[in-house]
Amino acid sequence: MTHRTVMAIAVLLLVSSVQAQWLGYPDKRVPRNADGTPNLGAPPPRTGDGRIDLSGVWEASDLQEGAPGGIESTYSPKYMINVMRDFKNGAPFQPWAAELFKQRQANKLRDNPSIQCLPLGVPRLVAYSHPYKIVQSPDLVVVLYESQTLFRQIFLDGRSHPKDAEPTWLGYSTGKWDGDTLVVETTGFNDKTWLDGLGHPHSDAMKVTERFRRRTVGQMDIEVVIDDPKAYTAPIRYTQPQELLPDSDLIEYVCNENAKPVGPGN
Amino acid sequence: MRQVLLLVALSSIPASAHHNFRSEFDINAPFTVAGTVTRVEWTNPHAWFYVDVKDAKGEVANWAMEMGSPNALMRAGWKRTSMNAGDAVSVEGYRSWDRKNTGNARSVILTKTGQRLFAASSAGK
């Protein structure tokens, strides 16, 4: 039994006692087994126009335990801590990016923007353990992130990326369907976010391509390609699985109501 | 009154901390302490609680314990009323690198009458 399955069962058992916001409210769109449990292995739903329907509350899955003594002692989604984990010879840094990465390690990662409750940004939100909700319409897909209570708009109405865009934390996203896959391209980033928990940097020239593939009711893959020649000599490519949180919902998350990055007193 | 252990395995909650564990806490410095809760801060990005802990000499120190976010705790079955000032607790966790009597709580055993909220340990451990 996977860790997430254990959690899901525990939460299900607690439905009667958990009345926080709308956790545990049955989602009519989720198909059911005979015993009433969500049929997460059923084929993915489709919208009226025949597209795969990505709507739902999702969270990055494929949790893996960090190395003993490593950056995280707890389970985290596969690419949350290190998006370069598949590079056998290390990240394909440009020299300045290697130097900045080294500085961040020396500083014990204390300049992580999320410590200041700043947005994780794209693509880090793909592999982070906070739920998000996709709301889909033919011309616009909206992603509501519980993390920092952020929103993201992905325009499918044929518009181009803005020229000389004002740099933003989450960039400017457009999407189009390639068969059953939603392909999203995002540009116009600032250079303030980290790619992962280890602090791999990026530049404002980064372009991120995400391919959303909902395989079943309960499973979706997001393939990420980071093209940032100013910071890396090769594209960075990984696929982060996502899991539907059936009968769940987002909870307001106001990070800076009590942020104590280095413990009480500081 | 029947005493029921309320074991909440915080370690099984996916890391949703807004900071990196390693930058604040030493995985090689585990602790177990028992005492009385003096205050609970049910706030983002981390819930905190404070425990008066008596040492062998009878001297009391107030420990500060960090948990996950209330959102993660609620999904794991906690409520904001699960632990209150005055409750006797035993806490396992990891010490702060540089702050005295400060830790990251891995599990809390609340020794009062109550329902068993969540006791599943992490699979694979």
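This briefing describes the fold, the core and the confidence of a two-chain model, chains A and B. The model is predicted, and the predictor gives the complex an ipTM of 0.77 and a pTM of 0.83. Chain A contains a closed barrel of nine strands, while chain B comprises two helices and six strands.

**The barrel of chain A**

- The strands of the closed barrel follow the order β1-β4-β5-β6-β7-β8-β9-β10-β11, and their pairing is mixed. On average, neighbouring strands of this sheet are turned by 30° against each other, with direction ignored.
- In general, the strands of a sheet pair through backbone hydrogen bonds, in either a parallel or an antiparallel manner.
- Strand β8 (residues 181-187) of chain A runs antiparallel to strand β9 (residues 207-214) of chain A, and five bridges join them. Within this part of the barrel, Glu185(A) has Thr209(A) in β9(A) as its bridge partner.
- Strand β10 (residues 219-227) of chain A is paired with β11(A) through eight bridges, again in the antiparallel sense. Here Val225(A) has Arg237(A) in β11(A) as its bridge partner.
- Strand β11 (residues 236-244) of chain A is also joined to β1(A), by three bridges, and these two strands run antiparallel. Opposite Ala60(A) stands Gln242(A) of β11(A).

**A helix and a loop in chain A**

- Helix α2 of chain A covers residues 95-106, which makes 12 residues. At 1.5 Å a residue the helix should span 16 Å, and this agrees with the 17 Å between its end C-alpha atoms.
- After α2(A) comes Lys108(A), which has a positive phi, near 55°.
- Lys28(A) is found in the loop that links α1 (3-13) to β1 (56-60) of chain A. Is Lys28(A) buried or exposed? Lys28(A) is exposed, because 7 other C-beta atoms lie within 10 Å, and a residue counts as exposed at 12 or fewer.
- Between Lys28(A) and Trp169(A) the separation is 141 residues in sequence and 34 Å in space, taken from C-alpha to C-alpha.

**The fold of chain B**

- Along the sequence, the elements of chain B are arranged in the pattern β-α-β-β-β-α-β-β.
- Chain B has 125 residues, of which 46% count as buried.
- Among the contacts of chain B with a separation of 6 or more, 65% are between residues 24 or more positions apart.

**The nonpolar core**

- In soluble globular proteins, nonpolar side chains tend to be buried together.
- The largest nonpolar core in this model has 69 residues. Those with the most contacts inside this core are Trp58(A) and Leu125(A), together with Val51(B), Met65(B) and Leu73(B). Strand β10(A) gives the most to this core, contributing four residues.
- Leaving aside residues up to four places away in sequence, Leu73(B) touches Ala47(B), Met67(B), Gly68(B) and Trp78(B).

**Confidence in the model**

- The average pLDDT of chain A is 88, and 86% of its residues score at least 70. Over residues 5-19 of chain A, however, pLDDT stays under 50, and the model has 16 contacts beyond four places in sequence for this stretch.
- Chain B has a mean pLDDT of 75, with 72% of its residues at 70 or more. Its residues 1-16 have a pLDDT below 50, and this stretch has 60 contacts in the model beyond near neighbours in sequence. The pLDDT is also below 50 over residues 113-125 of chain B, a stretch with 36 such contacts.
- Where pLDDT is low, the predicted coordinates should not be read in detail.

Methods
Residues are numbered from 1 along each chain as its sequence is written. Chains are lettered from A and ligands numbered from 1 in the order in which they are written. This is a predicted model: local features need pLDDT of at least 70, side-chain atom pairs count only at pLDDT 80 or more; totals for chains, interfaces and linings use all residues. Two strands pair if DSSP finds at least two bridges between them. Axes are lines fitted to C-alpha atoms, for helices over the stretch in contact, and angles run from 0 to 180 degrees between N-to-C directions. A residue is buried if 20 or more other C-beta atoms lie within 10 Å of its own, exposed if 12 or fewer, and partly exposed in between; C-beta atoms are placed from the backbone. Two residues are in contact if their C-beta atoms, placed from the backbone, lie within 7 Å. The expected span of a helix is 1.5 Å times one less than its number of residues. pLDDT is the predictor's confidence in each residue, from 0 to 100. A nonpolar core is a set of buried Ala, Val, Leu, Ile, Met, Phe, Trp, Tyr and Cys residues joined through C-beta atoms within 7 Å.
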